[in-house]
Amino acid sequence: MREITEKANQIRDVINYIKVFKNALAVIHIDDEIIDSPLLPNHIHDISLIHEAGIKVIIVPGARRQINNALEEQKISWQIKNGFRITDTHAMPAIKTAAFDVANNIMNILSGEHLTAVIGNWVKARGKGIIDGTDFGSAGEIDKIKIDAIKQTLENGFVPIFPCIGWNDLGKPYNISSTELATQIAIHLKAEKLFFIFPDAQISKDEFSLPDGIAVSQEGNIPAMNIETLSKILELNSASEKNSRKEKLLSIFTLAKDACENGVSRIHILDGNAEGILPCEIFSAIGSGTMIFNNGYGDLRPMRDDDIPSVLSLMSPFIKSGILLPRNLQTLKSQLYNYIVYNVDGGIHACAALKKYDDGQMEIYSVAVDEAYSNMGVGPKMINFLLEKAKSGGAKTVFILTTQTADWFEKLGFAADKIDSLPAERRKIWSEKRGSKVFRISF
């Protein structure tokens, strides 16, 4: 029965997200290592499914390895400085050919998925020039993106593909950063989502210094963080010459921060070695990678009538395990104004309630958090919200009754108390058979 419930919830998530993101724009950067991976056709297949679900897609492939190989074949030397490839201008034909070969490869795979892709001249660039005595040669910076032409291409149902090449007004090509390009496209087109897909993209507490209190998964990875947390991580960590992977992640963090600050609501960092990572990230509330979001993601709000079926479904496993007392539609309707819910894209993933008694005490009850969100700090966020609400409402003390979650509440600052301390109204319905213990916090 539990398996059926879990499957039903997954299907509900998919249906909800198809509705939420219909006609939304997703900009997808595919790292050069994934371009050479056997999983590339699988990722492109998933992109085609996303497109068929009504999400507009732009693809920005990396081509670093492919360009390296092309330059090596022609015995052209280069160096990398500050993340930019430095070569003489005579290397540009080889660079351009390699970048367009990658784009053409993706276009051919999309064609096999019955999707029409377009590789266009949509990026105006300028040379980086000489900086601190270093001539950056063929390396360029994005000057302008032809937004109207891209929008028209998307409206026609095509998938735009952007090679990492830009041209100046005279038609001179420059090699530009594909990750920077993906970021700027997402910003300029006001994309709802920006994806970075590359190998081994897990963001682990073992590799990064993290701010206190940040929620991590059971594997020690960060499933989601807001822009404030991201800024703190950037402050706490610096690139290491011995760890190019960490350096890459930090550069992606910087781009994600820029995107978030300029209107892209969600940036997703995904492990391209995992098949199916894209649909799992888009069509489920918690996803499978790391999501960086602005403050518009996830909110606590009062429960509404139309939330009640979702809240009952959320409570069901906690009721079956004996953590929560049984509730039904009538119970929740009668206590509607006591409840708050945690809402993500129209889906309810946590709830809790606050009740005031005649003697001035208040009780927090019906605390339930979707298992997928248990490591994201949602529970403490709800409790702190209700404690503040109780305090502003004149309460001097707040209690909870629990049978199995005492350790969790003690961690939040609650201390054990006696049953006799309960309001008379609550003592009357306390069950000796159930044996719930009282924990309290006072202001």
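This is a guided tour of a predicted model, moving from a central strand to its helices and then to its pockets and cavities.

**Strand β1 and its partners**

Begin by selecting residues 25–30, which form strand β1; six of its six residues are buried, so the strand is largely enclosed by the rest of the structure. If you turn the view to look at each face in turn, you will find Leu25, Val27 and His29 on one side and Ala26, Ile28 and Ile30 on the other, with both faces covered and every one of these residues buried.

Next add residues 56–61, strand β2, which pairs with β1 in the parallel sense over six bridges. To find a point of register between these two strands, pick isoleucine 30, whose bridge partner in β2 is proline 61. Then add residues 193–198, strand β13, which also runs parallel to β1 and is joined to it by five bridges; here the residue to pick is alanine 26, which stands opposite lysine 193 of β13.

**Helix α3**

Keep β1 and β2 displayed and select residues 40–52, helix α3, whose 13 residues reach 18 Å from the first C-alpha to the last, close to the 18 Å expected at 1.5 Å a residue. Show the side chains of Leu40, His43, Ile44, Asp46, Ile47, Ser48, Ile50 and His51, which are buried in this helix. Among the elements that cover them are β1 and β2, together with α2, α5 (92–112), β10 (159–161) and α10 (277–282). Following the chain beyond α3 brings you to glycine 54, where phi is positive, near 105°.

**Helix α9**

Now move to residues 244–261, helix α9, which has 18 residues and spans 26 Å between its first and last C-alpha atoms, close to the 26 Å expected at 1.5 Å a residue. Its buried residues are Lys246, Leu249, Leu250, Ile252, Phe253, Leu255, Ala256, Ala259 and Cys260. The cover over these residues includes strand β13, already on display, as well as α7 (178–188), β14 (224–226), α8 (227–236), β15 (266–271) and β16 (290–293). Just after α9, stop at glycine 263, which takes a positive phi of about 105°.

**The second largest pocket**

With α9 still selected, bring up the second largest pocket, which holds about 1,400 Å³ of space. Of the 46 residues that line this pocket, Gly83, Phe84, Ser177, Thr179 and Ser251 are the closest to its centre and make a convenient selection. Which element gives the largest share of the lining? That share, ten residues, comes from α9, while the elements that each supply at least two residues also include α2 (32–35), α4 (64–73), β4 (84–86), β9 (140–145) and α7. Coloured by class, the lining divides into 16 nonpolar, 16 polar and 14 charged residues.

**A cavity and a last residue**

The model has three cavities of 30 Å³ or more, and the second largest of these encloses about 40 Å³. To locate the second largest cavity, select Gly120, Trp122, Val123, Phe162, Pro163, Ile165 and Trp167, which line it; by class, this lining has six nonpolar residues, one polar residue and no charged residues.

Finish at serine 316, in helix α11 (residues 308–320), which is partly exposed with a relative accessible area of 26%. From the C-alpha atom of serine 316, a distance drawn to that of alanine 390 comes to 27 Å, the two residues being 74 apart along the chain.

Technical notes
Residues numbered from 1 in each chain as written. Predicted model: local features only at pLDDT ≥ 70, side-chain atom pairs only at ≥ 80, totals over all residues. Heavy atoms only, no water. 1 Å grid on protein atoms, 1.4 Å probe; cavity = no way out; pocket = protein on both sides within 12 Å on 5 of 7 lines; lining within 4 Å. Points joined across faces, edges and corners; volume = space filled by probe spheres on them. Nonpolar A, V, L, I, M, F, W, Y, C, P; charged D, E, K, R; others polar. Buried < 20%, exposed > 50% of the residue type's maximum accessible area, 1.4 Å probe, protein only. Helix = DSSP H or I, 4+ residues; strand = E, 2+ residues; numbered from the N terminus. Pairing = 2+ DSSP bridges. Expected span 1.5 Å × (residues − 1). Contact = heavy atoms within 4.5 Å.
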